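Hi everyone, thanks for coming. Please pull up the sequence and the model on your screens, and we'll walk through them together.

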Amino acid sequence: TKSLKDQREDILELAGAGTMVHSVLHELMRSTNQTRELLINLSNETSNEKISSLLIKLESEIKTIDIRLRQFHPIGKAVRNRATEFNIFEDINVILGGYAQKFSDNDIRVYVTLDNSPEINDFKIKMVRGFLSIALENLISNSYYWLLKDKIFSSLSKSTERAIYIDVESDTRVIHFSDTGPGIDPNDRERIFDAGFSTKNSEKDGRGFGLFIA
């Protein structure tokens, strides 16, 4: 009975958070569209080439954020669980694009493959697009966190590079995700998808709901 009560509380908490996030996404999407229009107009009007190029760069970055926001939008109430057909590698690249600067600054390599081959063609799948984004965002953010833990990473082989591997298996339509970080303690493997479980140092780094939601 206690377990069911705890699960119910988790579901209610997540439902409340989902409603709040849906509202925030709606406002953010409206704001990013308006901001992009303003930046484009400003870049066209200014005669300063340096300022113009910076405005164009900022508009491009906001466009990436806007695309990422729209990936999450299908989870909203109006179109919940509506599967659509899309190229999975386009979405993977958009998500990775949001981490590009962080990866570059910290010398983290990312390898995206199809059936373990770097030669990637369009590969369309049909699912709820936002669900893929949520799962990958959580996995990538966790990998990034642990790949930066120098004390843990230094215990690994010196030849080990900081890397993330994402392979799409075409026959089974399974995504294999891994990294060269310290891995998961065998004692924790059965718990990592439990709500509220985390091995991170503080709540600021994560509250243990990411993989549970994913």
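Let's begin with a question: what is the order of the strands in the open sheet? The order is β2-β4-β5, so to speak the backbone of today's tour, and the pairing in this sheet of three strands is mixed. At the edges sit β2, residues 109-114, and β5, residues 174-179, each of which pairs on one side only. On average, neighbouring strands in this sheet are turned by 10° against each other, if we ignore direction.

One thing to keep in mind as you look: this is a predicted model.

Now look at β4, residues 163-169. Strands β4 and β5 run antiparallel, and six bridges join them. If you'd like one pair to find on your screen, take I166 in β4, whose bridge partner in β5 is F177.

Next, the helices that lie against this sheet. Helix α3, residues 88-97, packs on the sheet and touches β2, β4 and β5. The direction of α3 makes about 175° with that of β2. Helix α5, residues 129-147, packs on the sheet too, touching β4 and β5. For α5, the angle is about 15° with the direction of β5.

Let me step back for the overall picture. How many helices and strands does the protein have? There are seven helices and five strands. Starting at the N terminus, the elements come in the order α-α-β-α-α-β-β-α-α-β-β-α. The protein has 214 residues, and 30% of them count as buried. Its accessible surface is about 14,300 Å², with 52% of that belonging to carbon and sulfur atoms. And here is one about contacts: if we take those between residues at least 6 apart in sequence, 67% join residues at least 24 apart.

Back to α3, with a question for you. Why can we call α3 largely enclosed by the rest of the structure? Because seven of its 10 residues are buried. Those residues are I88, F89, D91, I92, V94, I95 and L96. As a reminder for reading any helix, an α-helix has 3.6 residues a turn, so residues three or four places apart point the same way.

At the N-terminal end of α3 we meet N87, which acts as a cap. A side-chain oxygen of N87 lies 3.1 Å from the backbone nitrogen of F89. N87 itself belongs to strand β1, residues 84-87. Is N87 buried or exposed? Its relative accessibility is 7%, so N87 counts as buried. Leaving out residues up to four places away in sequence, N87 touches D122, F123 and K124.

From there, let's move to T113, which is found in strand β2. This residue is buried, with a relative accessible area of 14%. Which side chain does the side chain of T113 make a polar contact with? The partner is D167, at 2.6 Å. T113 has several other neighbours: if we again skip residues up to four places away, the residues it touches include F89, P118, I120, I166 and V168.

Now for a few side chains elsewhere. R162 is in the loop between α6, residues 150-153, and β4. Although R162 and L147 are 15 residues apart in sequence, their C-alpha atoms are 6.1 Å apart in space. A polar atom of the R162 side chain lies 2.2 Å from the backbone oxygen of L147.

How many salt bridges are there? The count comes to one. It is formed by the side chains of D188 and R191, at 3.8 Å from N to O. That pair makes the list because the cut-off is 4 Å. D188 has 16% relative accessibility and counts as buried, whereas R191 is partly exposed at 40%.

My last stop is N201, in the loop between β5 and α7, residues 210-213. Buried or exposed, what would you say for N201? N201 counts as exposed, because its relative accessibility is 64% and the cut-off for exposed is over 50%. Even so, N201 touches Y145 and K149, again not counting residues up to four places away in sequence.

To wrap up, please take away two pictures. One is the sheet in the order β2-β4-β5, with α3 packed on it and touching β2, β4 and β5. The other is N87, capping the N-terminal end of α3. Thanks for listening, and I'm happy to take questions.

Terms used:
Residues numbered from 1 in each chain as written. Predicted model: local features only at pLDDT ≥ 70, side-chain atom pairs only at ≥ 80, totals over all residues. Heavy atoms only, no water. Buried < 20%, exposed > 50% of the residue type's maximum accessible area, 1.4 Å probe, protein only. Pairing = 2+ DSSP bridges. Helix = DSSP H or I, 4+ residues; strand = E, 2+ residues; numbered from the N terminus. Axes fitted to C-alpha atoms, helices over the stretch in contact; angles between N-to-C directions. Contact = heavy atoms within 4.5 Å. Areas by Shrake-Rupley, 256 points an atom, 1.4 Å probe, with all protein chains shown as cover. Polar contact = N/O pair within 3.5 Å; in protein donor to acceptor, adjacent residues only side chain to side chain.
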